[in-house]
Amino acid sequence: MQELQSVKQRFGIIGNNEGLNRALDIAVQVAPTDLSVLITGESGTGKEIFPQVIHSFSLRKHGSYIAVNCGAIPEGTIDSELFGHEKGSFTGATDSRKGYFEVANGGTIFLDEVAELPLSTQVRLLRVLEAGEFMKVGSSKSQKTDVRVIAATNVDIVQAVAEGRFREDLFYRLNTVPIRIPALRERGDDIILLFRKFAVDFAERYRMPAIRPDAQARDMLLNYFWPGNVRQLKNIAEQISVIEQAREITSGILANYLPDYNNPRLPVPVKGRSDEKSFSSEREILYKILFDMKSDMNDLKNLVYEMMGTSGDISNLTESGNRAARNLFSDVKMHHDHFQNDRKPTVSIRETKDNNLIQDTEEVVEESLSLSEREKELILKALEKNGGKRKLAASELGISERTLYRKIKEYGLE
Ligand SMILES: Nc1ncnc2c1ncn2[C@@H]1O[C@H](COP(=O)(O)OP(=O)(O)OP(=O)(O)O)[C@@H](O)[C@H]1O
Ligand SMILES: [Mg+2]
């Protein structure tokens, strides 16, 4: 018990919840072994500190510790990042490169978001775990490495196994020691402790008195569903600290910061929300659809334009095709004669294109700029709305989690 308190202090872990203590205790106990550990828990529960605890209590503590976010690495390069590659093994592989499993020899690798690993990479990973052996991409020579693997995921990995997205043998191998981090809503008074801690931290940072929830607000904190767990609590404490003038936080103030307080399990506000809000989210969805359609449209236009350009021939367009083409390209200001259905069918589209080249390009650039701004905004909104949960945000946006990761990186939204 004494030991746990000092671990918490050393790693800045707040809380006394039984589930949390248990998780921490297992981490400390298992640390000196070389067993694989799988850390599970919802998004934002605080999984990332656990592998560090395990590493620093292990006999490998002087070896290297490498944390890899499997979800953030593009599928095409993940094998090479993890296991390295030989020179010339793929286009662009101008040098051979060591992978993390080679670099971390004698140390620990933390595979975060492990469920995102492609199946082919899972095979390689299983081999390292079972035989301590791996092959660089493009090599046929096995290499030895001595690495302790700790993995984490916020997805239901048993379900991923059932759906064939995660190898069962790998799951059992990783899950030698399971550690489950409880959701924030299960932690009772820890919620208040955490809120207080974050409030004090931010107060120090911004040099102002710390916010304090009143009795009703505390009840509200205790009863909220916390879909984004500790991460969400931290964000909210920061927002309130910065935005609100008052330092005593009432339930009225707090309610503004807890999305769907009365209906926490529903992803879309149904009742008790102001019309304005639901209207604006509907409008957002409409915007998204419109922008998507607009960009599809542009792609189509370009495609057709190119196709016509290569053959330079529209003689085989039907009457209606001809009309459609004229409408479609009216903004490109093509010479109308080109679309007259007369007996002089061969058209030099390229000539026309050249005439309009600059104007055309500008339009596209501008459009894609505003589109990406819009996309950025939508991503931020979706993340905010889902308490930072990428999985939920991705499914709301209708894109894969991997794409969302890429976009977050691309737009620097971390
Ligand atoms: N018990 C705790 N005490 C103090 N801070 C905590 C605690 N648990 C989590 N945090 C903080 O909450 C934030 C989210 O934690 P973390 O990044 O580890 O979440 P996660 O479980 O990895 O989530 P995801 O699955 O989305 O990656 C971090 O800023 C972390 O420092
Ligand atoms: Mg994480």
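# Exercises on a ligand site, a parallel sheet and a helix crossing

In this structure, an oxygen atom of ligand 1 lies 2.7 Å from a polar backbone atom of glycine 44. The model is a predicted one, and the exercises below start from this contact.

## Exercise 1: The surroundings of ligand 1

Determine how many residues surround ligand 1 and which are the closest, then describe the polar contact of serine 43 and that of glutamate 48.

Solution.

1. Ligand 1 is surrounded by 17 residues. The closest are Ser43, Gly44, Lys47, Glu48 and Asn154.
2. Serine 43 places a polar side-chain atom 2.5 Å from an oxygen atom of ligand 1.
3. Glycine 44 takes part through its backbone, with a polar atom 2.7 Å from a ligand oxygen.
4. In the side chain of glutamate 48, an N or O atom is 2.9 Å from an oxygen atom of ligand 1.
5. A polar contact is a pair of N or O atoms within 3.5 Å; the serine 43 distance of 2.5 Å, the glycine 44 distance of 2.7 Å and the glutamate 48 distance of 2.9 Å can be read against that cut-off.

## Exercise 2: The order of the sheet

Establish the strand order of the open sheet, and identify its edge strands.

Solution.

1. The sheet has five strands in the order 2-5-8-1-9, and their pairing is parallel.
2. Its edges are strand 2 (65-69) and strand 9 (177-180), each of which pairs on one side only.
3. On average, neighbouring strands are turned by 15 degrees against each other, direction ignored.
4. Strand 5 (residues 108-112) runs parallel to strand 8 (residues 148-153) and is joined to it by four bridges. Here isoleucine 109 stands opposite valine 149 of strand 8.
5. Strand 8 is also joined by four bridges to strand 1 (residues 37-40), again in parallel. Valine 37 faces isoleucine 150 in strand 8.
6. Strand 1 pairs with strand 9 in the parallel sense over four bridges, and valine 37 stands opposite valine 177 in strand 9.

## Exercise 3: Helix 1 against helix 3

Characterise the crossing of helix 1 and helix 3, including its handedness and the residues in contact.

Solution.

1. The axes of helix 1 (residues 2-11) and helix 3 (residues 49-56) come within 11 Å and cross at roughly 115 degrees.
2. The crossing is right-handed.
3. Helix 1 contributes Val7, Arg10 and Phe11 to the contact, and helix 3 contributes Ile49, Gln52, Val53 and Ser56.
4. By class, these residues comprise four nonpolar, two polar and one charged.

Notes. Residues numbered from 1 in each chain as written. Chains lettered and ligands numbered in written order. Predicted model: local features only at pLDDT ≥ 70, side-chain atom pairs only at ≥ 80, totals over all residues. Heavy atoms only, no water. Pairing = 2+ DSSP bridges. Helix = DSSP H or I, 4+ residues; strand = E, 2+ residues; numbered from the N terminus. Axes fitted to C-alpha atoms, helices over the stretch in contact; angles between N-to-C directions. Left-handed = near helix turned anticlockwise from the far one by under 90°. Contact = heavy atoms within 4.5 Å. Nonpolar A, V, L, I, M, F, W, Y, C, P; charged D, E, K, R; others polar. Near = heavy atom within 4 Å. Polar contact = N/O pair within 3.5 Å; in protein donor to acceptor, adjacent residues only side chain to side chain.
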